[in-house]
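Trainee: I'm new to reading models like this one. Please pick a single part and take me through it closely, one step at a time.

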Amino acid sequence: MIMEATLKKYFGYSFFRPYQKEIIEQILSGRDSLVVMATGSGKSLCYQIPSLISGKTAVVVSPLLALMQDQVMSLKQRGVKAEYIGSSQTNSAVYGNAESGQFDIVYMTPERACSLPSRFWSNLLNVGICLLAVDEAHCISEWGHDFRKEYKQLDKLRGILLDVPVIALTATATDKVRLDITNSLEMNDPFIAIGSFDRENLFYGVKCCGRGLPLVDELVGEVSKHVASSSSTIVYCTTIKDTEQIFMSLKEAGIKAAIYHGQMANKAREESHRSFIRDELLVMVATVAFGMGVDKSNIRCVIHYGCPKSVETYYQESGRCGRDGLASTCWLYYSRSDFAKADFYCREAKTESHKKAIMESLKAAEHYCSLVTCRRKFLLDYFGEKIAANNCGGCDNCTNSKTERDMSREAYLLLSSVQSSGGRWGINMPIDILRGSRSKKVREFQFDKLPLHGLGKDHPSNWWKALADQLIANGYLTETFKDIYRAVSVSKKGVQFLSTATPDRQQPLVLAVTSEMDEGEEQSGSGKAAGDLQNLSGPEWNGFSEAEEKLFRLLLDMRMNLARCSGTAPYAICSDQTIKKIARTRPSSKARLAIIDGVNQHFLTTYGDYILENIHLLSQGLNLSLDGEASIQATIIEKKNTVPNCQRKLTPAKFEAWKMWHENGLCIQEIANAPGRPAPIKEQTVINYLLEAAQEGLEINWTRFCVEIGLTRMVYEEVQDAISKVGSREKLKPIKDELPEHVSYVHIKACFTIKDIGMSTDIIPADLQSLKSCENRPEGLHLFEASIDMGANSSLDGNGSPLVCPHTVSSPKILAGTKQPRVNDVLIPAWKSQKIDVPEEGSQIVVEATRTKILEWLRNHDGVALSDIIKHFNGSKESVIDVLRCLESEFLIFKKNDLYRVL
Ligand SMILES: Nc1ncnc2c1ncn2[C@@H]1O[C@H](COP(=O)(O)OP(=O)(O)OP(=O)(O)O)[C@@H](O)[C@H]1O
């Protein structure tokens with residue numbers, strides 16, 4: 001319980017993401033842990049929360065000072081006592097305070113950690129260390145892509161910090177690297193958590209500058225689009241020269257950008273970093289020296305200018321956008337000449353095997369560039385994660401309509417040319433032969449005498465290279481490396497193809513016409529991708545009205561001002577995601593502001609009043625009502641298909657069930673027992689019908705549906721966790737086995753549907769008690785009596801889950817002297833409220849519901865339902881709820897599983 005309370009208090013979140021809770025539990029129990037989870041998946045919380053719970057210091061080893069400073073800045077904005085020890089630390093008291101355990105979290109580099117005197121450690125041990133975290137732990141391994149020898153020496157600390165659990169964290173680690181980490185840190189039976197690498201909110205796209213496309217112009221256009229919408233972009237270049245060139249091109253186009261590379265002075269680099277993370281400059285043009293662990297959560301786009309050196313680095317660098325979970329884009333711009341940079345990348349290699357590893361990495365990155373299939377699938381596959389679907393809907397290859405055609409003749413020519421030239425050259429030689437080159441080499445080997453010579457003149461060289469990529473990807477050609485040189489030969493599959501072919505007849509071979517091949521076709525344009533991004537962002541933001549969009553922008557400006565006044569970065573105050581939620585719900589009180597995801601105690605107490613005042617004024621100016629979630633919910637629903645023309649795929653029984661629920665407003669239970677049926681059907685069957693209707697695109701008021709089946713956001717998160725653990729959705733049973741009893745198959749199926757049709761989880765009530773039931777009724781239906789449910793209109797589905805029929809409840813007994821509950825009052829779901837026994841008039845002494853009294857009473861009771869609180873305070877429901885809301889917003893109490901507790 002304390003874990004959730006701590007999460008909300010300091011970070012403002014109501015739910016843990018997959019694995020976070022288990023990892024924290026393991027660390028708190030003293031067990032070493034290795035965490036391999038995607039960039040932005042929330043690894044940091046795993047070492048931050050244990051310290052806040054245990055009251056002991058967490059020591060975090062992190063590779064870069066800039067990264068530590070960012071982390072410390074963000075943590076301070078959350079009310080966490082954090083500091084770093086390092087050369088740029090200007091506060092001389094930090095060292096002493098750290099040693100005496102004054103901080104929750106202390107950051108330091110590996111060099112610093114290994115050079116601190118043993119007295120520091122023994123003093124800190126005396127006051128208490130809860131963990132030693134090694135962030136970016138792949139730096140330990142020579143097999144990792146950022147090897148740092150200082151990381152190798154961290155094992156020294158194990159001898160000093162006896163019994164202190166070590167947690168190593170990284171976003172990318174192959175099996176070899178994982179083993180290196182656990183061995184090097186002398187981990188003892190570590191708990192290993194490996195999360196999914198899928199970043200669902202990221203769109204992946206590649207652009208190639210075949211046909212002399214003005215790539216830089218294209219890039220400038222893309223960046224200016226993001227600047228226009230006030231969002232941040234990183235452009236990664238492979239060389240300092242490119243970095244300067246792109247920086248200048250942006251400047252010429254009037255785009256202000258920061259620049260960052262290794263030849264700049266430290267101070268200038270720091271200034272660039274600072275102005276980018278504080279949103280003073282929205283674009284950063286940098287070499288890959290920039291960004292390890294950059295914490296800025298609102299980067300909307302990462303562009304790579306030039307093919308990266310490996311898939312690992314690409315995944316990590318591109319993953320720096322969209323850390324707040326909002327839709328973001330990763331573009332890779334490359335030209336074929338990038339593929340000839342092997343010697344540039346190999347210059348650091350000291351051994352043959354290292355050179356080989358670099359070449360293999362480069363080959364994989366090139367493969368990513370020339371893919372014609374799903375890019376997400378490729379990336380996940382690369383990290384050993386299998387997905388069944390071939391179309392992710394979130395990459396250029398899956399969203400652009402692909403042209404395919406039979407290329408058997410061209411394939412025949414290329415394969416023959418490779419074979420005739422002996423299969424020992426790179427792809428350029430066979431292509432030169434086909435294109436009729438009379439170069440010295442061609443003549444020297446008499447390839448100009450081959451019958452194929454000149455037969456491929458019709459296509460430019462890059463056309464043939466694009467075909468070669470596909471033949472390699474499809475296994476007709478094999479590419480091997482010798483030193484930094486590559487050789488292409490015909491594979492077994494290719495030989496088979498050739499053996500059945502003649503110059504005039506070949507077996508059909510249908511391949512994609514890539515942008516490099518199709519000269520008449522437009523390149524996959526950024527305009528298209530922008531549309532695709534909308535799909536990724538989910539319906540919640542598409543439901544923004546113009547006025548709400550304006551409010552969102554104004555609130556971003558307000559956050560910028562707050563950040564400037566507080567000397568911090570805007571994202572450290574709260575994420576864009578949280579601002580969007582505020583713009584959407586427009587809370588009128590602190591209590592309502594507090595329940596928004598991302599709003600923590602520090603934020604509420606420091607900025608709460610100011611923000612509420614602004615929301616009030618700005619909403620008034622824009623003619624927006626406060627507490628507007630319901631109206632937005634309606635907008636979202638309106639946006640969905642309201643015309644039930646999807647009847648076509650539903651059987652009459654299913655469509656009828658949907659109509660009864662949606663149009664006639666009957667609840668699930670009523671539909672199951674509808675008069676006129678020869679025999680009642682199971683409620684579970686009705687639910688399945690409704691879910692199928694939703695999948696067919698019919699409108700469903702999800703909030704109402706969730707209330708009826710008892711699905712809360714917590715249950716949804718639990719189901720997502722279970723899916724991650726099981727690793728597949730194919731079978732329900734293993735997922736159900738991972739879940740607590742109260743989560744039924746019905747819940748699991750509903751979660752699947754919500755996710756599959758791309759609904760935002762915001763439509764799922766955070767808790768059922770605080771729902772305003774009438775807002776969830778279909779338009780024009782007012783069957784619900786304004787009443788507290790005292791009746792027994794609850795029933796169980798096939799799995800023992802409560803089903804609630806909110807509007808078929810009996811009238812409550814209302815105490816004289818208390819106010820009649822209004823339409824918008826809190827609904828107590830039937831199954832929760834059955835045991836409420838509202839006292840008869842005058843039968844009890846009235847206990848006044850004041851802050852102090854409620855707080856004191858809760859202190860003496862561990863976990864109390866709202867109904868029992870109301871009962872104790874003599875049913876004076878309205879004031880009880882008001883007081884509870886206040887106490888909740890002040891983080892004095894919290895609610896979990898519908899029970900109130902003191903924090
Ligand atoms: N339980 C949660 N609910 C909502 N947001 C969360 C949760 N946990 C973390 N986040 C947010 O997700 C974002 C990324 O988290 P974090 O910085 O910990 O990622 P990370 O895995 O350490 O990434 P990297 O590998 O890049 O360092 C942050 O903005 C963080 O506040």
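Mentor: Two strands pair if DSSP finds at least two bridges between them. Strands themselves are DSSP runs of E, at least two residues long, and helices are runs of H or I, at least four, all numbered from the N terminus. You're looking at a predicted model, where local features need pLDDT of at least 70 and side-chain atom pairs count only at pLDDT 80 or more, while totals for chains, interfaces and linings use all residues. Residue numbers start from 1 along each chain, as its sequence is written.

Let's zoom in on one sheet. It is open, it has 7 strands, and if you walk across it you meet them in the order β3-β4-β2-β5-β6-β1-β7, with parallel pairing. At the edges stand β3 (82-85) and β7 (191-194); each has a single partner strand, so one side of each has no neighbour in the sheet. On average, neighbouring strands here are turned by 20° against each other, if you ignore direction.

Start at the β3 end. β3 pairs with β4 in the parallel sense, over 4 bridges. One match you can look for is Ala82, whose bridge partner in β4 is Ile105. On to β4 and its pairing with β2: strand β2 (residues 57-61) and β4 run parallel too, again with 4 bridges between them. Here Val59 is the residue to find, as it stands opposite Val106 in β4.

Stay with β4 (residues 105-108) a moment longer, and check where its residues point. Ile105 and Tyr107 face one way, Val106 and Met108 face the other way, and all of them are buried (20 or more other C-beta atoms within 10 Å of a residue's own; 12 or fewer is exposed, in between is partly exposed, and C-beta atoms are placed from the backbone). That fits a common pattern: in a regular strand, side chains alternate between the two faces of the sheet.

Now move along to β5 (residues 129-134). It pairs with β6 (residues 166-170), in the parallel sense, over 3 bridges. Find Leu132 and look across: Val166 in β6 is what it stands opposite.

Follow the chain out of β5 and you come to Glu136, in the loop between β5 and α8 (149-152). Its phi is near 50°, a positive value in a residue that isn't glycine. That deserves a second look, because most residues other than glycine have a negative phi. Glu136 also counts as buried, because it has 25 C-beta neighbours inside 10 Å.

What lies across the sheet? Helix α2 (residues 20-28) does: it lies across β1 (33-36), β5, β6 and β7, and runs at about 160° to β1. For these contacts, the C-beta atoms of two residues lie within 7 Å, and angles run from 0 to 180 degrees between N-to-C directions of axes fitted to C-alpha atoms, for helices over the stretch in contact.

Elsewhere in the chain, helix α1 (residues 2-11) meets helix α3 (residues 44-54). Their axes come within 10 Å and cross at roughly 105°. That makes α1 roughly perpendicular to α3 (65 to 115 degrees; under 35 is roughly parallel, over 145 roughly antiparallel, the rest oblique). From α1, Ile2, Met3, Thr6, Leu7, Tyr10 and Phe11 take part, and they meet Leu45, Ile49, Leu52 and Ile53 in α3. By type, that contact has 9 nonpolar residues, 1 polar and no charged (Ala, Val, Leu, Ile, Met, Phe, Trp, Tyr, Cys and Pro are nonpolar; Asp, Glu, Lys and Arg charged; the others, Gly among them, polar).

For another sheet, jump to the 3 strands in the order β20-β22-β21, an open sheet with antiparallel pairing. Its edge strands are β20 (864-865) and β21 (893-896), and each pairs on one side only. β21 and β22 (residues 899-902) run antiparallel, joined by 4 bridges. Among the residues here, Ile893 stands opposite Val902 in β22. Helix α40 (residues 851-859) packs on this sheet and touches β20, β21 and β22, with its direction at about 95° to that of β22.

Last, step back to the whole chain. You'd count 42 helices and 22 strands in it. Of its 903 residues, 47% are buried. And of the contacts with a separation of 6 or more, 73% link residues 24 or more positions apart.
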